[in-house]
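Visitor: I have a structure to go through with you. Could we take it in short questions and answers?

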Amino acid sequence: MADQYDVIVLGSGPGGYVAAIRCAQLGLKTAIVERENLGGICLNWGCIPTKALLRSAEIFHYMNHAKDYGLAAEKISADLNAVVARSRGVAKQLNQGVTHLMKKNKIAVHMGTGVLKGAGKLEVTGDKGTESLNAKHIIVATGARARDLPFAKADGERVWTYRHAMTPKEMPGKLLVIGSGAIGIEFASFYNDMGADVTVVEMMDRIVPVEDADVSAFLEKALRKQGMTILTGAGVESLDVGKTGVKAKIKGKDGKIVEGDFSHVIVAVGIAPNTENIGLEALGIKADRGIIAIDDYGRTNVKGVWAIGDITPGPWLAHKASHEGVIAAESIAKELGNKDVHPHAMDRRNIPGCTYCHPQVASVGLTEAKAKEEGYAVKAGTFPFIGNGKAIALGEAEGFIKTVFDAKTGELLGAHMIGAEVTELIQGYAVGKTLETTEAELMATVFPHPTLSEMMHESVLAAYGRALHI
Ligand SMILES: Cc1cc2nc3c(=O)[nH]c(=O)nc-3n(C[C@H](O)[C@H](O)[C@H](O)COP(=O)(O)OP(=O)(O)OC[C@H]3O[C@@H](n4cnc5c(N)ncnc54)[C@H](O)[C@@H]3O)c2cc1C
């Protein structure tokens with residue numbers, strides 16, 4: 001007799017495990033199915049272990065600049081194995097945390113590979129054999145993997161995906177990073193701070209291409225100053241992988257091919273959704289190049305089958321996956337008769353994005369260019385870190401904050417930041433966007449002194465010609 005649940009969640013990343021917790025909180029009998037590690041990519045191979053690596057790189061950077069703070073640090077060195085061991089330890093701690101949360105919420109964990117066998121039916125194959133599970137609703141949350149390039153297959157030795165880059169056997173001497181999205185730039189920043197000679201190749205005409213153009217330009221300048229080589233409008237044409245290194249042919253902006261020798265290559269050209277071989281085709285679930293079509297609550301076109309996280313339209317971020325998980329769980333509870341739950345529709349415009357390079361990048365909402373493209377009359381204000389007392393006291397006077405408003409109504413359309421700790425600051429604007437705030441409310445808000453957050457206030461004031469400290 002197959003186990004019977006209200007909800008089965010397939011995949012335990014930040015989308016899946018959060019959805020399962022919310023289902024359990026709402027009194028639904030819930031199971032989760034996972035083939036690898038509880039917590040998914042985010043906790044085990046993504047957001048968290050990379051931030052642990054970047055923290056080590058940040059401290060190393062400060063130690064190397066101890067003099068700037070009136071301190072002395074001698075014989076500074078980095079032990080890459082210990083840095084990686086710390087990162088893996090952090091991932092393990094969080095993975096155990098998710099195990100605990102599943103127990104605490106009485107969620108049945110089935111370890112194994114799940115395949116949908118019809119609406120409400122799932123087969124799980126694991127170490128203990130194959131078991132059949134039934135549920136009124138299934139939430140598919142199988143996430144994504146690194147996309148590869150046909151001519152740059154990762155071998156874990158010379159050519160790396162993010163998993164190899166997170167657990168390197170050796171420090172790269174000369175590193176080529178293909179792709180300058182958040183993942184590529186974070187690894188470029190980490191290895192650059194740790195002492196590698198880093199080249200980044202980006203096909204688009206600027207790095208971090210989803211960000212505001214001014215942020216891209218500022219970051220490129222900052223990374224060049226740190227010693228990186230950045231090639232934009234350029235593409236890697238081929239890799240000749242040898243035992244001791246890789247020869248890359250790179251087509252530059254001018255169309256000319258140049259050859260470069262590298263010790264290692266990181267391929268960071270995006271992700272591919274894990275939507276093959278899980279029974280979606282047989283059920284007739286609509287997808288476009290593997291990305292499942294959903295409504296604003298996570299419903300697919302097949303009743304009782306829901307999808308969340310990296311297998312649905314982007315942005316492909318952990319907090320977006322979790323938020324979708326909560327909305328789907330609440331929508332299911334409502335469909336099952338819970339009258340006290342009121343799920344809200346997902347608003348993709350209000351999802352902040354962060355890149356934890358050095359300097360950090362963070363944004364929410366429309367860029368200045370996108371706002372203009374959408375027909376808004378735009379009012380934008382920018383305030384530099386150099387005008388902020390706390391930034392100067394921290395020795396972090398590099399960066400700026402830009403705020404974009406609808407000139408007609410004063411509605412906050414977007415915010416874009418580069419500099420120290422901006423990944424913590426952006427949430428202020430995210431709250432503002434959810435509350436549909438205007439310039440008047442932001443101007444009327446009292447910001448504590450001395451903080452970096454004062455720059456948010458100043459950039460709002462700057463949009464209206466009222467900045468005080470510049
Ligand atoms: C290097 C790196 C750094 C990142 N940094 C950030 C960051 O700083 N901030 C941020 O917001 N996002 C970051 N991301 C993206 C983030 O990790 C993803 O957006 C997030 O993990 C997606 O969550 P998810 O629940 O959709 O899927 P995942 O986390 O991918 O989890 C899916 C789970 O499903 C399991 N699974 C798949 N198929 C099956 C099956 N058939 N049966 C059973 N189990 C299955 C997988 O094993 C996996 O555990 C980063 C990603 C990478 C790779």
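Visitor: How far does a polar side-chain atom of Lys51 lie from an oxygen atom of the ligand?
Guide: Keep in mind that this is a predicted model. Lys51 is listed among the closest residues around the ligand. The pair here is a polar side-chain atom of Lys51 and a ligand oxygen, and the distance is 2.7 Å.

Visitor: Which residue has a backbone N or O atom 3.3 Å from an oxygen atom of the ligand?
Guide: A side chain can supply the polar atom, as with His319, whose N or O atom is 3.3 Å from a ligand oxygen. In the case you ask about, the atom belongs to the backbone. The residue is Trp316.

Visitor: What percentage of the ligand's exposed area does the protein bury?
Guide: Start with the ligand taken alone, which exposes 1,000 Å². Then add the protein as cover. The buried part is 95%.

Visitor: How many residues surround the ligand?
Guide: The closest are Gly15, Glu34, Lys51, Gly114 and Ala318. By class, the shell holds 18 nonpolar, 16 polar and 5 charged residues. The number of surrounding residues is 39.

Visitor: Which element gives the largest share of the shell around the ligand?
Guide: Several elements supply at least two shell residues each, including strand S2 (30-34), helix H3 (47-64), strand S4 (113-116) and helix H9 (318-335). Helix H2 (40-45) is also one of them. The largest share is 4 residues, and it comes from H2.

Visitor: Between which domains does the ligand lie?
Guide: The protein is divided into domain 1 (3-145 + 272-335), domain 2 (159-269) and domain 3 (359-463). Look at which of them give residues to the shell. Two do, so the ligand lies between domain 1 and domain 2.

Visitor: How far apart are the C-alpha centres of domain 1 and domain 3?
Guide: Domain 1 has two segments, 3-145 and 272-335, while domain 3 covers 359-463. Taking the C-alpha centre of each, the separation is 31 Å.

Visitor: What span should H9 have at 1.5 Å a residue?
Guide: H9 has 18 residues. Its end C-alpha atoms are 26 Å apart. That agrees with the expected span, which is 26 Å.

Visitor: How many residues of H9 are buried?
Guide: H9 also supplies at least two residues of the ligand shell. The helix is mostly covered. Of its 18 residues, the buried ones number 13.

Visitor: Which residue with a positive phi follows H9?
Guide: Look just past the helix. The phi there is near 110°. The residue is Gly337.

Visitor: Is Val208 buried or exposed?
Guide: Val208 sits in the loop between S10 and H7. Its phi is positive, about 35°, although it is not a glycine. The cut-off for buried is under 20% relative accessible area. Val208 is at 3% relative accessibility, so it counts as buried.

Visitor: Is Arg289 buried or exposed?
Guide: Arg289 is not a glycine either, yet it has a positive phi of about 50°. Its place is the loop between strand S17 (287-288) and strand S18 (291-292). Exposed means over 50% relative accessible area. With 74%, Arg289 is exposed.

Visitor: Which backbone nitrogen lies 3.1 Å from a polar side-chain atom of Asp212?
Guide: Asp212 is in the loop between strand S10 (197-202) and helix H7 (213-225). Its relative accessible area is 2%, so Asp212 is buried. The nitrogen belongs to Asp214.

Visitor: What kind of peptide bond joins His358 and Pro359?
Guide: Pro359 is in the loop between strand S20 (353-355) and strand S21 (361-365). Omega is about 5°. The bond is cis.

Visitor: What is omega for the peptide bond from His449 to Pro450?
Guide: Pro450 lies in the loop between helix H13 (439-444) and helix H14 (454-463). The bond from His449 to Pro450 is cis. Its omega is near -5°.

Visitor: What separates the C-alpha atoms of Leu149 and Glu398 in space?
Guide: Leu149 is found in the loop between strand S7 (144-146) and strand S8 (159-160). Leu149 is buried, at a relative accessible area of 15%. Along the chain, Leu149 and Glu398 are 249 residues apart. Their C-alpha atoms are separated by 35 Å.

Technical notes
Residues are numbered from 1 along each chain as its sequence is written. This is a predicted model: local features need pLDDT of at least 70, side-chain atom pairs count only at pLDDT 80 or more; totals for chains, interfaces and linings use all residues. Side-chain values use heavy atoms; hydrogens and water are left out. A residue is near a molecule or strand if one of its heavy atoms lies within 4 Å of it. A polar contact is a pair of N or O atoms within 3.5 Å; within protein, one must be able to donate a hydrogen and the other to accept it, and residues adjacent in sequence count only if both atoms are side-chain atoms. Accessible areas come from the Shrake-Rupley method with a 1.4 Å probe; for residues, only the protein chains shown count as cover. Ala, Val, Leu, Ile, Met, Phe, Trp, Tyr, Cys and Pro count as nonpolar, Asp, Glu, Lys and Arg as charged, and the others, Gly among them, as polar. Domain bounds come from an automatic or database domain assignment. The expected span of a helix is 1.5 Å times one less than its number of residues. Buried means under 20% relative accessible area, exposed over 50%, partly exposed in between (1.4 Å probe, protein chains only).
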